[in-house]
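Got the viewer open? Load the model and follow along, one selection at a time.

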Amino acid sequence: MTKYTARTGVHWVKQGLLLFRKQPGGLMALFFCCMFLSMFIMIIPVGQLAVFLLTPLFSVAMLEGCRHADEGKRALPNLLLSGFRKPARGPLLTLGALNLVVLLLAAVVVYSMSGDVLARIAEHPDKVDPALLQTMVVPMLIASAMYTITWILTCFAAPLVFWQKITVGKALFFSVVSVVRAFKPMFIATAALHLLYFVSSNIVAMIFGASQMAMAGIFTLLLLLIVLAHCTLYVAYRDMFDQPQAAAPVDLEKHDRPDTMA
C-alpha cells in the first residue's frame, strides 16, 4: 500500500501546474465551453439546479482534457461532450443527483437556522441591517463545510465511473476510502491552491486598487484556480489509481476492475 505524506500534496500541485503549462490555451478554452454551457442552462427554468446536476459531467470533461494534455494530445472543446455520452452519462447523472441532494440539505440547514433572518432580508432587501448579516455567518459556514467536505470525499467518484468503468456505489466507496487514506496530501493540496489564489489576488488588488481592472483580474485568477484544481485532481488520481485510459463503450454494471483499487 502506498504511503502518502503531506509533501505529496505539494508534489501534486507542482505537477498540476506543469500539466497546465503544457496546454494552457486548450484547457482554458475547454473550461470556458463548460462555463458558457452552464450559463446557457441557467437561463431556463430550474436551470440553476440543473447545473449542479451536471457538475460531474463537466468535471469529467475537464479531467479528459487533462488526460489529453498529459498524453501530448490536444485538449479540444469537443471533450465537453465526454460525460454526456453513453454509457457513462447515466451514472454521472446519478452522482449529480447526489450532489444536488447535498446542496439542498445544506440549504435546509441554512433555512432552519436562519429562516426568520432570510424572510426579513427578502422583505426589505434595500434596508439590510448589518447585524442580521452577522447572524448568517455561522449557518453559511456550516452549510459550506457540509458541501465542501462531501465534494472532497467524492471527488474521485466521477473519474472512477468514467475511466475505471465501475458502478456508482463502488466509485463512491473507493473515492471516500482513497481521500481518507490520503488525507494529509489532499488537505495540503487544497490549502496550497487556496493560498496561491489568496496571494495572487491580493497582489492584483494592491496593484490596481478598488477598480474594475482589479475585479476582472481577481475573477480571472478564480477561473485559473478552478482549472488548476482539476489539473491537480487529475495528477492525484493518476498517482492513486494509475494512468487513466480512454473511455470505452462498455457496460458499467458488468465491467469492474477491483484489482486496481487494492
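Start with the whole protein chain, coloured by secondary structure: along the sequence the pattern reads α-α-α-α-α-α-α-α-α-α-α. That is eleven helices and zero strands, where helices (H or I, at least four residues) and strands (E, at least two) are DSSP runs numbered from the N terminus. A word on what you're looking at: this is a predicted model, where local features need pLDDT of at least 70 and side-chain atom pairs count only at pLDDT 80 or more, while totals for chains, interfaces and linings use all residues. Residues are numbered from 1 along each chain as its sequence is written, and side-chain values use heavy atoms, leaving out hydrogens and water.

Still on the whole chain, 40% of the 262 residues count as buried (under 20% relative accessible area with a 1.4 Å probe, protein chains only). Of the contacts (heavy atoms within 4.5 Å) between residues at least 6 apart in sequence, 76% join residues at least 24 apart.

Next, select helix H2 (residues 24-41) and helix H4 (residues 55-70). Their axes come within 9 Å and cross at roughly 170°; the axes are lines fitted to C-alpha atoms over the stretch in contact, with angles from 0 to 180 degrees between N-to-C directions. That makes H2 roughly antiparallel to H4, a label for angles over 145 degrees. Show side chains: Leu 27, Leu 30, Phe 31, Cys 34, Leu 37, Ser 38 and Ile 41 of H2 meet Phe 58, Ala 61, Met 62, Gly 65 and Cys 66 of H4. Those residues divide into ten nonpolar, two polar and no charged (nonpolar is Ala, Val, Leu, Ile, Met, Phe, Trp, Tyr, Cys and Pro; charged is Asp, Glu, Lys and Arg; the others, Gly among them, are polar).

Now select Thr 55, Tyr 147, Trp 151, Ile 226 and His 230, which lie nearest the centre of the largest pocket, lined by 48 residues. A pocket here is an open set of points on a 1 Å grid where a 1.4 Å probe fits, with protein on both sides within 12 Å along at least five of seven lines; lining residues have an atom within 4 Å of a point. Which helix gives the most to the lining? Try H11 (212-241): it supplies ten residues. The lining divides into 36 nonpolar, twelve polar and no charged.

Last stop: helix H8 (residues 157-164). Eight of its eight residues are buried, so H8 is largely enclosed by the rest of the structure. Phe 162 and Trp 163 are among them. Step on to Lys 165, which follows H8 and has a positive phi, near 60°.

Notes:
Buried means under 20% relative accessible area, exposed over 50%, partly exposed in between (1.4 Å probe, protein chains only). Angles under 35 degrees count as roughly parallel, over 145 as roughly antiparallel, 65 to 115 as roughly perpendicular and the rest as oblique.
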